[in-house]
Amino acid sequence: MDLRHVTVPKEMLTSISENRRYNEVIAGYYNRLIGESSVSQKKTLSNNLESLNDCNRLWFLDQYSKAKVKDFKKTNLCKDKFCSNCKKVKQASRMARFMPVIQEQLKVHPNAYQMVLTVPNVPGKELEKTIKKMSKAYSMMNQYLQGKRKAKDLPFDIGFVGGIRTLEITYKGDSYHPHFHVLLVLDKGLGEKKYTNTYSHDRYKRRETRYFSEMEIMIQKLWKMLYEGVRVTKSNFDLLEIGYSSMIDQMNEGDYLELFKYMVKGETEDKKFMSYEQFKILIVALKSVRQIQGYGVFHSIQDDDSIDDMVDKLY
DNA sequence: GGTTATGCAACCAAGGCCTC
DNA sequence: GAGGCCTTGGTTGCATAACC
């Protein structure tokens, strides 16, 4: 698969005034939260607010009056996880960093899959705990997929070469849906999709719209067991009728944008703007949470914040 | 009692956060 | 923005609990 042309569309970065309006609402939320916070939190939040307010406001230009040319040098970015400007620039930056490595690997290991791991929706007060549980469970799962941890009579050998895990949270009202998107590069295919289960049906449960491979069904169960802290043994595995909704599909070009996109959108699943209550839940639950993590051959690819190069190219 | 799975600590690196 | 500190998370190996 030639991925050289897979980039973030320039249009995504151009709606600056729209981003500013969005950020004004977020700034209002920060202001309100500062008023409700302790003295120690106030300072941090105030710094965040100041950076957010200045984001993309200063443009550094070289001006050549005679030639009537203004040469863009750089802009200032706040890197706040809720900032509309920075979310998009960071997405572009991550793609620039990871895509060349992914492409190199795909030349040798052509099996690229996108795995989505979900857990049941949780109320806001449980989101922080849920994200921690998911991280711990994925850490364990990764050991099984890499063959570093084994469960007797349960072959999870998928020919793992490398993976990139990203966290995304969608939400509606007080219902939060954290899930992982994982790029898997494997040495072998995952077999025919010929099985059905509860997750195969369409939303009206009239017909089966999705088939699963044997490995997907095994992953669904493994994921549920690890998340719920059930001992991973063949007998427990067999007792489990169904796991959590998870799927592994061939990675298509368009899926890379999805993989590298931001942790939270500014709007809810029913297309409403993030409320103050939702903002409060998310800012607490996502504090110091890693959005992206590489494994195997993708381990140690730095997701640094030196995004100026990307900004230079795109502006 | 032997085997297998898990928990945990130690170490290290990545990434978030804070200060200047 | 740079640099340093702090927190989180991956890895490894060993002790122990659980299982058969």
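How many bridges pair E5 with strand E8, and in which sense? The legends below, for a predicted model, take up this point in the view of strand E5.

**Figure 1. Overview of chain A in the predicted model.** Chain A contains 9 helices and 8 strands. Of its 315 residues, 31% are buried. Among contacts in chain A with a separation of 6 or more, 66% join residues 24 or more positions apart.

**Figure 2. Strand E5 and its pairing with E8.** E5 covers residues 160-172, and 10 of its 13 residues are buried, leaving the strand mostly covered. E5 pairs with strand E8 (residues 292-296) over 5 bridges, in the antiparallel sense. In this pairing, Ile164 of E5 is opposite Gly294 in E8.

**Figure 3. The hairpin of E5 and E6.** Strand E6 spans residues 175-186 and runs antiparallel to E5, with 12 bridges joining the two. Val182 in E6 is the residue opposite Arg165. The hairpin has 2 residues between its strands, and Gly173 in the turn adopts a positive phi of about 60 degrees.

**Figure 4. Helix H3 and its bend.** H3 comprises 25 residues, 84-108. At 1.5 Å a residue the expected span is 36 Å, and the end C-alpha atoms lie 37 Å apart, so the two values agree. The helix nevertheless bends by about 35 degrees at Phe98. A proline, Pro100, follows Phe98 within four residues.

**Figure 5. The largest nonpolar core.** This core has 68 residues, of which Leu52, Tyr113, Met141, Leu183 and Trp223 touch the most other members. Helix H4 (residues 127-145) supplies the largest share of the core, 8 residues. In soluble globular proteins, nonpolar side chains tend to be buried together.

**Figure 6. Surroundings of Trp223.** Trp223 is one of the core residues that touch the most other members. Apart from neighbours within four places in sequence, Trp223 is in contact with Leu117, Ala137, Met141, Gly243, Tyr244 and Ser246. Met141, one of these partners, is also among the core residues with the most contacts to other members.

**Figure 7. Met247 in strand E7.** Met247 belongs to E7, which runs over residues 246-250. Met247 has 18 other C-beta atoms within 10 Å and is therefore partly exposed, since a buried residue would need 20 or more. With neighbours within four places in sequence set aside, the contacts of Met247 are Val116 and Glu216. Tyr199 is 48 residues from Met247 along the chain, and their C-alpha atoms are separated by 9.3 Å.

Technical notes
Residues numbered from 1 in each chain as written. Chains lettered and ligands numbered in written order. Predicted model: local features only at pLDDT ≥ 70, side-chain atom pairs only at ≥ 80, totals over all residues. Buried ≥ 20, exposed ≤ 12 C-beta atoms within 10 Å, placed from the backbone. Contact = placed C-beta atoms within 7 Å. Expected span 1.5 Å × (residues − 1). Bend = angle between axes of the 7 residues up to and from the residue. Core = buried A, V, L, I, M, F, W, Y, C linked by C-beta atoms within 7 Å. Pairing = 2+ DSSP bridges.
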